[in-house]
Structures are given as C-alpha cells and as structure tokens.
Protein chains: 2
Amino acid sequence: MTIIPTIKDVAREAGVSYATVSRALNDHPEINEETKKRIVKIAMKMGYRPNAIAQGLVKKETKTVGLIIPDITNPFFPEVARGIEDAAVEAGYTIFLCNTNWNAKREERYLNVLLQKQVDGLIIAPSSEEISHLRIPLDSGIKTIFISRVINHANSTCIIIDNILGAKQAVEYLIGRGHRRIAFIGGQEDISTNRERLQGYTQALSANGLEFDESLVKTGSFKRDSGYFIMDQLLNTKEGNRPTAVFAANDLLALGALQAVRENGLDIPSDIAVVGFDDIEFASLPEIQLTTVAQPKYDMGKLAFITLMELMGGGGYSSGRKILLDPVLVVRKTS
Amino acid sequence: MTIIPTIKDVAREAGVSYATVSRALNDHPEINEETKKRIVKIAMKMGYRPNAIAQGLVKKETKTVGLIIPDITNPFFPEVARGIEDAAVEAGYTIFLCNTNWNAKREERYLNVLLQKQVDGLIIAPSSEEISHLRIPLDSGIKTIFISRVINHANSTCIIIDNILGAKQAVEYLIGRGHRRIAFIGGQEDISTNRERLQGYTQALSANGLEFDESLVKTGSFKRDSGYFIMDQLLNTKEGNRPTAVFAANDLLALGALQAVRENGLDIPSDIAVVGFDDIEFASLPEIQLTTVAQPKYDMGKLAFITLMELMGGGGYSSGRKILLDPVLVVRKTS
DNA sequence: TTGTAAGCGTTATCAG
DNA sequence: CTGATAACGCTTACAA
C-alpha cells in the first residue's frame, strides 16, 4: 500500500529537475550517461511507474485502441480478438473490449466513451445496419477499421471475408451433391454479413438453374437457439416442401439446426445435409464434424490491427481500402 | 474530420469562463439554470466531448478496470467476461481486456501496463502459480479481485467456485455408478484450480475406500489437445490398468478425452465414462451431452465486478474476503 | 548537459 | 452565482 511516486519524487530524490528525470527515463540523446544511469536506478528502486494518463494528455496518444464486437460468446470473435491482441501487445498497445450484445444503442454509447477516452484507433465489427451512429468515429477522423462487415462510407477501411463467394461455394457444393431443395438459415436480416451470404446462396441457385423458393429462406439472429427454432419450422412444413439440405449463415445457427434435425428423428447427412460458416473450433469436434466455410479468424484479427497501425502511423496509407479475405470450404461429415 | 472542441472553445463561444462551462456540464448545484441550459446547448451543438484523459488526471479516477484472463479461447472466460462487462457498462466503466495465453511473463507485463494506465481496479484470473508478480497490484494498493483461483495473500479478495466440492461430487457420482478405476486428467499442474480439483478427486476416492493410483493421474494444460493426448496415453497402457471413467479438470480437456476414446474405438459411456468441469455452452450440444460440473460463469462475472465496485467505493468493505460459489453437477450422456 | 517554465484539458478552490 | 487560478503528472521548447 505504498504511495506511488511521481516524477517529482524521483527528481527530488535524485537532486535534479523533472526534465532531467524525464530525459533519463525516455533515454534522450542529450543526457549524461552517468546521471542517466543513476536516475534510472533511483527510479527503479522507488518503484516509479510513469503515469500513462498524464503522458497521454501531453503526447496526445494513449497507446490504446477500442475493439467493439457484437457477441463475445460466439467463438468466432474471441479468436479474432486474440489475433488483434497478440498484434497489439507486440506493438505496445492495450485493448478496450466492448461487447454490445448486438445492441446498437450500446454500440453507439461505447463509441462515444471510446472517443472520450482518446483511443488512438478503433476496430469495429458492427452489430447493426443502423449505421447512422457509425458516422461518429468516421467524422471525428479517428482511425477505424471495420471487420467482418463492410460499411459504405467513403473512407472506411474494411477487412472482410468474401461472403458471397463463401456462400456460393457452400451452396454449389451442396448442389453438386445432388441437392435441389436447399434452405437458407440466416442471422439478423439487415446485417451485411447475412445479406451477402444470402446473396451467394441466391447466386449459386440461379447459376445452376434452381428456382429460388422464398419459403426456404428464413432469418433470425446469429445464435444457436435461433438456428434450432428455424430448422424446426423448416422441418415441420408440409412434407413435400421439406429441404434436403441447409446452408446456415454461421456455425452457431448450423449447430442449432443440427440439433433440430436430430430431434426430429432425421439423419444427417442422409436426410438433411447441413453446412455452416465460420469454422469455429467446435465445428471440428469429432462429434460434430460440421461442414463449413472457414474464415482465417486469428489472422484476420492480426491483419486488422496491423492495418490499423498503418493508418495510425499516418503514413501514406490510404483509408478507404476494402481488404477481401478468401473463404475456404471445409467438408466434414454433415454434408 | 472536424477538430474536437475543448472546454476552452466552448467557453469562448459561450462567452463565459472554463469554470462555468465545467459547472454547467457536470450540473453543479451552484449555477444559474438559464446559463446552464444555454451552455449545454452550445456544447452539444459544437459536438463537445469531455476529454476523459484530462478528467482522469485531475479526478484521479479513470472509470476503467483491467481484466486479465489466461485464455479467451476457452468459452468459460468469454462468459465470465460478459458478466463483468454487463455490470461494468451499467456502472459507467470500461474494460481493458488482457489475454495472457497462459503466459506469466505477459501477465506481469499487463499488470504493469494497467497500473500505468491508472485503472481503478483489477479483475484477474491468474494464469500461473508463479504469483510473485501478483504482489505488484496487491502491494500497490489497487483494488483487485481474483476470480477462479485463490491467491494466498493477506488481503486479496477472491471469487471462486468450490473446486474441491465440485470435483468430489463428480467423482462420487462416478463411483456411485460403479466405477472403480477413475482417471484424472488435469490442466497445468501448479494451478490452484487444478490442484483443488485433484484434491476433490482424491478425497472422493479415499472417502469411498478406493485406492489412489498414481498412474491414473495425468496433467497437461487446460486445452482440448492436451485432453486428447492424455486420454490416448491412458487408453494405451496395459489393458488391466485402463480406467473405466475419467474426470477431466475442465470441459476442454473432457472434449479432447471424448475424442480420444472414440478414436480408440471405445464407447461412451459404456466403455469409458467422462465427466468435465465448467459446463461451457458447447457441453450441452446434443452431439456432445457432456456430463460436467457447472459453474455460474456469467453471474460470477457480474459478482466480480459488483464486488470490485464495493472495494473501489472504499466503503467499509473489507478486502481479504473469499467468496465461494456452489458448483452443480449436470448429468448428461457421457457418464 | 541541465534547468526553467509553459502547456496538455480538465476540475476544484478561492475570491469576488 | 461566476471568474481567476492553481493543481493533476508529464513532456518539451527555450534558456542557461
């Protein structure tokens, strides 16, 4: 419970001015090596730790970035976050984690708080299409990276996966396996991730001369219970309409769908084939073996931070870039 | 890309002193209602946002707390984190998320960074028994809550689950089902979580007159591949020694064990019964149906933050409390 | 090479 | 009720 010493205390102890202490600690070139060593030693002994808040105030840089995600409970995001953080630690940054629970109001609130806290940059996985509040960071000029969702704003930098392509691959694979009645189980309808995956689904159908059947497309939220509920509905329509395969917009939905299928006494994949999206770790469990479209989650996180660094560095790196990552279909046992 | 106005700008615009603006914004009692309204309006129009860094400097309070966890990839922690965060948001706090990847060095580094950033409090799920560096926060007097692991330090407040009891329940249940050769698959050996769960295991055995067989106890790290590897070893010892049941120190280990058992062509639970610990969401998947000892993860997070608030509030709340939560055995299909 | 002093954006203490 | 002004802990011109 010792009181934390300030630079003032160190200066007094060492019998020099604040400036000299500051110089010693940040090893400025213009300082006597001897006194520097002496001061550093004293500072250490006193347990001096520079106050980052004060530093932030004068340097106008906090070595802090905000990360806003919609659902920390979806293993996809922790994996991305880990990538971001590993890159951040290396660069000496600390992360404010903000989980919105898919709540746009909370997202907006966080945005404001983070700006007030003077973060140097922002990484956002937007949770709603209601992007009006996303103009806040953009207009304020703070360096921002959007991940997993594209934002239509002149100079927003986005890192996303090619959702359309990924979905297309998944559905075409299903078609290749002979399926003709393929359902789409989506998350929040108005989210671009969902829209694009639906788009890929539609494109795959039409490219293969299959008719789009509205009754086979249902959306909810990107959660397991939603997948369960929707799949159950899908299975309990009149017999003839039942799909033989399902493409779910993420793995959580797929996991829910799997459960509904089994509880309806049907077999996977012989009665119903299921394909997900994300390739969360649990998709590969031997008991699950979910066929899914993989995203490079960890690397996406790392890339996001590195790109943000470039932006923050202020170098000639143009914002407004859209970085598109490649999905890869991982075929396992549910299809 | 507008420049962010300071209180100075607002003051100039409103034709009053900084002090008055500050008073208006923090609605002090001693201010004219009219001018207050006028100033607030002007501030809003200008898009003024108080600089939290500057506020932190003078108020000596940052409304920020640090959260240090070992593995964000283990669904247990995101769930706890969500609880913490929900409570934090409500109280107007923001969380620094620090993931250590079970790395003590990184934990120590984070500790120092967080102190420098002047967090108001700390919530730590320690990742190693090498607690020497944990003296840093304790000695510095910063309010700290330890979760999921107990720290032997005079005035550390810990929120943990009764690991011994939980493990005991699990193993006694197994014994009740007729198992006599029960293996223990642990995480990092020196971590109290692991030690206590092992202790519960041992107690259950001796309380039931079963002999402790060293060859049935193996530890690795709290990860799935570790569980897989250990289980595989266990199964490939000479036939007679093979266990008929396994108690894994967490669900990830159990999931790995499940996989090894199946890959060895054995049936669950008839050949080998498996019980885990944590009850992560994926344990309840119909395909998994893992029997496990449940922890109130989300509530534990909320409680952690609320307790921290009490501590930070400086009220008469004594630190040094150990809060013990109750585990509950959830019997599903792997036992 | 070192010291002095101004300033970062707030809040808080005094006077008025 | 309001206005100066001194902190908060640090960095950085500018002087010495």
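A residue counts as buried if 20 or more other C-beta atoms lie within 10 Å of its own. In this predicted model, B:Thr73 has 20 other C-beta atoms within 10 Å and is therefore buried. B:Thr73 sits in the loop that runs between β1 (64–69) and α5 (76–90) of chain B. Once its neighbours within four places in sequence are set aside, the contacts of B:Thr73 are with A:Pro78, A:Glu79 and A:Arg82. B:Leu255 offers a useful point of reference: 182 residues separate B:Thr73 from B:Leu255 in sequence, while their C-alpha atoms are 14 Å apart in space.

We can turn now to the DNA, beginning with strand D. Around DNA strand D there are 26 residues, of which A:Thr6, A:Ile7, A:Ala19, B:Ala19 and B:Val58 come nearest. Two or more residues of this surface come from each of α1 (7–14), α2 (18–25) and α4 (52–59) of chain A, and from each of α2 (18–25) and α4 (52–59) of chain B. The most is given by α4(A), with five residues. Sorted by class, the surface near DNA strand D comprises 13 nonpolar, nine polar and four charged residues.

DNA strand C has 25 residues around it, and those that come nearest are A:Ala19, A:Asn32, B:Ile7, B:Ala19 and B:Asn51. Here, α2 and α4 of chain A and α2 and α4 of chain B each supply at least two residues. For the surface near DNA strand C, α4(B) gives the most, with five residues. The classes on this surface near DNA strand C are 14 nonpolar, nine polar and two charged residues.

Definitions and conventions. Residues numbered from 1 in each chain as written. Chains lettered and ligands numbered in written order. Predicted model: local features only at pLDDT ≥ 70, side-chain atom pairs only at ≥ 80, totals over all residues. Helix = DSSP H or I, 4+ residues; strand = E, 2+ residues; numbered from the N terminus. Buried ≥ 20, exposed ≤ 12 C-beta atoms within 10 Å, placed from the backbone. Contact = placed C-beta atoms within 7 Å. Near = placed C-beta within 6 Å. Nonpolar A, V, L, I, M, F, W, Y, C, P; charged D, E, K, R; others polar.
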